[in-house]
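Q: Could you take a close look at the helix packing for me? I'd like to know who touches whom, and then a tour of what lies around it.

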Amino acid sequence: MAIEIINFNQLIQRQSLDRFPTTLSTNYFYIVFCIIVFLYTIQKRDKKSSSRFMEILSSTQSISILEINFINRIVRTNNADISLEQFCQSYLIDSITLQNNIISSMNQFSPSDVQIKSKSCSSYYRLTGKYDASTSVFQGIMIDNTQEKQQLKKLKNTLTHDTLTGLQNRYHLNNKIQKFCAKSSSEQCSIYFIDLNKFKQINDTHGHDNGDVVLRSVADRFQQFADESVLPVRLSGDEFLIVKRNVESNTQADQFISSYLSSVQCDTVQLNDSTTSIKVTLSFGGVVFNKSQSTQTDKLIKCADERMYQMKKNLLPNGNTTVTFTA
């Protein structure tokens, strides 16, 4: 009978090997286990995300999944299948315009979103997806971005208009004047620098709230007596600009501004206490310029401002309230 003599250290080593596999085997098992758990988590997450995405789509009326078949005139949505005519009628859009916009915008060379508005121009939609010209089928989503358009329009209006008077402000003033004068049927336009006489005294005597009442009243009259050839602008404080296009001569420019400001100044302004009314008078200076000179806005305004101060000092000869602008 053979007896194997094993010391204590060899016994401990053998028990460790019997109980645990080699280090390589252990690592391999652990890596495989981690991969399985990772893949399971990804699959579960994707399934949950997909389910959540579909839930959002189904509960949000502003987003619709679409498949439009222009040959069969059928629209398949996330709710039902309807005819193309019924679909367009429900959104108040023109079917021909819809098809033409999709075909022209979603070509294979330069695909882009399709923007379309309702016949009443009260709603706006954006279509995103792909169009197969061989089958005349569009697949994608349609988003109602009416609210977005309204918010952008409101933001733009806030940026470009004075909050107190509602007139155009000096934001992008150069571009405003250039675009406005570009539509003139005449080669000449005129610009007038205007301010309210003794406006500081009005503020000091009646308070700034009543000063704002005066400014709003004057601005309202600027708008009231203006037509499409007149652009009123509030610069700052009690300073305004009036731009007039379709000007034939300096004499005509003088006649226009005299008549225009007489209408603005004709009535008194009622203050907040309802018992006090004041008479508002205006000083102005103007220049006549060619349309090509509308890019020199700063010089035009400076020249008109100088003419206004000459008028305030009674240095202008009668019948000569505007001059021809020279660069």
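A: Here is the helix packing, starting with one helix and its two partners, and then its surroundings.

First, some housekeeping. The model is predicted, so local features need pLDDT of at least 70 and side-chain atom pairs count only at pLDDT 80 or more, while totals for chains, interfaces and linings use all residues. Residues are numbered from 1 along each chain as its sequence is written, and side-chain values use heavy atoms, with hydrogens and water left out.

For the big picture, the protein has 10 helices and 13 strands. Those are DSSP runs numbered from the N terminus: helices are H or I with at least four residues, strands are E with at least two. Of the 327 residues, 35% are buried (buried is under 20% relative accessible area, exposed is over 50%, and partly exposed is in between, using a 1.4 Å probe and protein chains only). Among contacts with a separation of 6 or more, 58% link residues 24 or more positions apart; a contact here means heavy atoms within 4.5 Å.

Now to helix 8 (residues 208-224). Its axis comes within 9 Å of the axis of helix 9 (residues 250-265), and the two cross at roughly 135°. Axes are lines fitted to C-alpha atoms, for helices over the stretch in contact, and angles run from 0 to 180 degrees between N-to-C directions. Helix 8 and helix 9 are therefore oblique to each other. The cut-offs go like this: under 35 degrees is roughly parallel, over 145 roughly antiparallel, 65 to 115 roughly perpendicular, and the rest oblique. The crossing of helix 8 past helix 9 is right-handed, and on the helix 8 side the touching residues are Val218, Arg221, Phe222 and Gln223, while helix 9 brings Tyr260, Leu261 and Val264. Sort the residues of that contact by class and you get five nonpolar, one polar and one charged. As for handedness, a crossing is left-handed if the near helix is turned anticlockwise from the far one by less than a right angle, and right-handed if clockwise. As for classes, Ala, Val, Leu, Ile, Met, Phe, Trp, Tyr, Cys and Pro are nonpolar, Asp, Glu, Lys and Arg are charged, and the others, Gly among them, are polar.

Helix 8 has another partner in helix 7 (residues 199-206). Here the axes come within 7 Å, again crossing at roughly 135°, and helix 7 and helix 8 are therefore oblique to each other. Helix 7 uses Phe199, Ile202, Asn203 and His206 to meet His208, Asn210, Gly211, Val214 and Leu215 of helix 8. The tally for helix 7 with helix 8 is four nonpolar, five polar and no charged residues.

Elsewhere, helix 6 (173-182) packs against helix 10 (residues 297-312) at an angle of about 90°, with the axes 10 Å apart. That makes helix 6 roughly perpendicular to helix 10. Leu173, Asn174 and Ile177 of helix 6 touch Thr297, Asp298 and Ile301 of helix 10, which divides into three nonpolar, two polar and one charged.

Just outside helix 6 you'll find Tyrosine 171, in the loop between helix 5 (146-160) and helix 6. Tyrosine 171 is partly exposed, at 36% relative accessible area. It's 11 residues from threonine 160 in sequence and 5.6 Å from it in space, C-alpha to C-alpha. Apart from neighbours within four places in sequence, tyrosine 171 is in contact with Leu159, Thr160 and Lys176.

Next up is helix 4 (residues 95-105), where the buried residues are Ser95, Leu98, Ile102 and Ser105. Looking down the axis of helix 4, they fall within an arc of 120°, so they line one face of the helix (the arc is that of the directions from the helix axis to the C-beta atoms). An α-helix has 3.6 residues a turn, so residues three or four places apart point the same way. The buried residues of helix 4 pack against strand 1 (63-69), helix 3 (84-91), strand 4 (114-117), strand 5 (124-132) and strand 6 (137-144).

A couple of loop residues round things off. Arginine 73 has a positive phi of about 60° although it is not a glycine, and lies in the loop between strand 1 and strand 2 (74-77). Cysteine 121, in the loop between strand 4 and strand 5, also has a positive phi of about 60° without being a glycine.
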